[in-house]
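Student: I have a model open and would like to work through it with you. Shall we take it feature by feature?

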Amino acid sequence: MAGLNLKHIYKVYPNGTKAVNDFNMEIADKEFIVFVGPSGCGKSTTLRMIAGLEDISAGELTIGDTVVNDVEPKDRDIAMVFQNYALYPHMTVYENIAFGLRLRKLSKDEIHRRVTEAAEILGITEYLSKKPKEMSGGQRQRVSLGRAIVREPKVMLLDEPLSNLDAKLRTQMRAEIAKLHAKLNTTFIYVTHDQIEAMTMGTRIVVMKNGFVQQIDTPKNLYNFPGNKFVAGFIGTPQMNFFEGTLKKKGEEVEISFDYSDAKVTVPYSMMYKVRPSFLNGDKKVFIGLRAENVSLSPDAVKSSKFKIKVKVSHKEELGNQTLVYGDINMDGDGYTESSTRIIIEAAGDTDFKAGDILDAALDLNKVHLFDKETEESILPRIPEYNFVDCEVKDGVLAFLENSVALPSAISCGDGKYELLIPSDAISFGGNIEVNVVSSEVINGKILVSFELGGRRMFAVSEEEVKKGKKKISVDLKRVSLMKDGETAVESMPDKVVMKGKLIKEKVAETVEKDGKTKKTKVIKFFLGMGDARFDAPDDMAKKLISAMGVKKAFSEELRYECGPYDMKLADSGISGEVERIADYGKEKFAVVKIGGETAYIRVDDKCEGAVHFVPDIDKLAIITSEKDIRII
Ligand code: ADP
């Protein structure tokens, strides 16, 4: 039994295909994790890297407490089940299951105990003396599961184990594998392209596309809170309806207009609190997502609903207990072609709608999903990243929502009206701005606090639970930005500096002591070249860089270093730079330093000016390859 930690895992195949990009995940002991996504998205590659069947190009994989990047597959304490059962045809089921244990030279008694126990769990005891060819596909897959179980692995890896089985057997085996997981109390990682399999089995699901993780969450959260349009469309059958449209705030209401159709609904603004204001002015295109079960044609629902649109029925699929009604919200649309006006509605089994009927449909807009048409990211996130409020700057004072704050000298801009962007995690409780806390909920381990300030609803991410009622907040002014006419007038303080350089190898003379004598010798040392300076590179860091880039490129390819403003300090020697100015945020000061073409913010206590040197904290440095954009450290 063991948890796993995947840190910045990448896979680049020798032909240059980047199959997995920056995969990060902590898997707890005994979880049932499913990797799901369309063919070619990188799920098998990730699983094979965990198994040790494929080298990890960059990143660190930990199983239990051990970094296993360089550990042989047989020593990783994992067992793998494949789609093709790969049984030995000339051996009996018993021998097939026992084979691996014999190779490990376990005692006969122990082998017998494990094989009979596994056969019992899998319900194949009566087949133990049979040959695989005498068994059905489902039974053969049980044998291959048995072969994995008897190894008593810390982690079970399953690569599309059910895709060779027919639909009925797949459903049955799904339940059996879930039961097996509960019984074995072992971490399972399961790969499938089938979203239903993923939803029914996983405690958490990783949705992947084109080598990138799209979302990691519980089945319920993926369904209810998809982070982007891809996840929304991939999870759930029938697929979510996606319409194109716009949102326009009119006082305390928001009008949702559907493109290529006359459909329009008006909802209270309270339902759209989390939407980024720039999407509420009627210009920016959005995808409006609604699942089939969140649209209703039932006369009662339609009668009592405030949110109705017209649908022209084209055809239906009768599934017995329910009917999927297909139609179009464009009266000239055909309802067959997948389009931004086609709609699928879940209705009762005994509906008698006919092609051509024009009906009112009720929308459950509490369940609406909204995505930016350009990026396809959700604009109704569970945790809003930013608060957007109107503000005015006058004589160095920032006024917003009936409050005013003196701006520190680091923030300078002309007098006038702006839009203020405050990151939700730049607001902390304690301070001197009075707010009214309305709710506080735990979402994915974070606490989202919703409060009112000057009549506006705002959000803060807090470390601790905050009770309802009057509270005081403060805003970290380093993190805010000011916008004017869609352009950034004042940027927030950069959270990192980017520097360039190379890995350097050199033979260095060193004096060593051996048998009481001192001896001069030459040793190979590695350095990180950075700007005009260089720093000792710890051996394991150099090793990671060489193994990820290959020996040839490791010393020639340019590297990108990233470092935060608190992770550098001024020193007598190091990287040279020129102090441009001091950014004074009141409580904290930062030297704004030019190094080559880049600007770095470095936290300083005292005034400084002119030419300076500074050193980064090597432990906090991120190192990224310029060519393939792989984050190695
Ligand atoms: P999935 O399991 O999601 O179907 P894979 O992990 O098998 O996807 O593949 C991810 C990507 O890597 C695909 O583009 C595939 O073509 C590519 N790929 C897989 N194996 C190799 C290989 N041995 N050499 C080169 N490219 C590969």
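Student: How many helices and strands does the protein have?
Tutor: This is a predicted model. Its secondary structure includes both types of element. The counts are ten helices and 41 strands.

Student: What box do the C-alpha atoms fill, along the principal axes?
Tutor: The protein has 633 residues, and 48% of them are buried. Taken along the principal axes, the box is roughly 95 × 85 × 45 Å.

Student: Now the ligand. Which helix gives the most to the shell around the ligand?
Tutor: The shell includes Y13, N15, T17 and A19. It also includes P38, S39, G40, C41, G42, K43, S44 and T45. One helix, spanning residues 43-51, contributes three residues. That helix is α1.

Student: By class, how many residues of the shell are nonpolar, polar and charged?
Tutor: Among the residues around the ligand are Y13, S44 and K43. Glycine counts as polar here. The shell then has four nonpolar, seven polar and one charged residues.

Student: How much of the ligand's area does the protein bury?
Tutor: Start with the polar atoms. A nitrogen atom of the ligand is 3.4 Å from a side-chain N or O atom of Y13. A polar side-chain atom of S44 is 2.7 Å from a ligand oxygen atom. Taken alone the ligand exposes 560 Å², and the protein buries 62% of that.

Student: Which residue places a backbone N or O atom 3.0 Å from an oxygen atom of the ligand?
Tutor: The cut-off for a polar contact is 3.5 Å. A backbone atom at 3.0 Å from a ligand oxygen atom belongs to G42.

Student: On to the strands. In what sense do β38 and β39 pair?
Tutor: Strand β38 covers residues 589-595 and strand β39 covers residues 598-604. Seven bridges link them. One bridge joins A591 to I602 in β39. The sense of the pairing is antiparallel.

Student: Which residue in the turn of that hairpin has a positive phi?
Tutor: Two residues lie between β38 and β39. One residue in the turn has a phi of about 55°. That residue is G596.

Student: Are the rings of F230 and F234 stacked or edge-to-face?
Tutor: A search of the whole structure finds 13 aromatic pairs. The F230 and F234 ring centres are 5.6 Å apart, with planes at 20°. Planes under 30 degrees apart count as stacked. The pair is therefore stacked.

Student: Which helix holds F230 and F234?
Tutor: Both residues are buried. They sit four residues apart, about one turn of the helix. The helix spans residues 229-234 and is α8.

Student: What is the angle between the planes of Y386 and F388?
Tutor: Their ring centres are 6.0 Å apart. The pair is classed as tilted. The angle is 55°.

Student: Is F388 buried or exposed?
Tutor: Buried means under 20% relative accessible area. Its partner Y386 has 31% and so counts as partly exposed. F388 has 6%, so F388 is buried.

Student: Which residues form one aromatic cluster?
Tutor: Here the aromatic residues come as a group. The cluster consists of F32, F188 and Y190.

Student: Last, E255. Which side chain does E255 join in a polar contact?
Tutor: E255 is found in strand β12, residues 253-258. With a relative accessible area of 17%, E255 is buried. Its side chain makes a polar contact of 3.3 Å. The partner is the side chain of K250.

Technical notes:
Residues are numbered from 1 along each chain as its sequence is written. This is a predicted model: local features need pLDDT of at least 70, side-chain atom pairs count only at pLDDT 80 or more; totals for chains, interfaces and linings use all residues. Side-chain values use heavy atoms; hydrogens and water are left out. A residue is near a molecule or strand if one of its heavy atoms lies within 4 Å of it. A polar contact is a pair of N or O atoms within 3.5 Å; within protein, one must be able to donate a hydrogen and the other to accept it, and residues adjacent in sequence count only if both atoms are side-chain atoms. Accessible areas come from the Shrake-Rupley method with a 1.4 Å probe; for residues, only the protein chains shown count as cover. Two strands pair if DSSP finds at least two bridges between them. Rings of Phe, Tyr and Trp (its six-membered ring) pair if their centres lie within 6.5 Å; planes under 30 degrees apart count as stacked, over 60 as edge-to-face and the rest as tilted. Buried means under 20% relative accessible area, exposed over 50%, partly exposed in between (1.4 Å probe, protein chains only).
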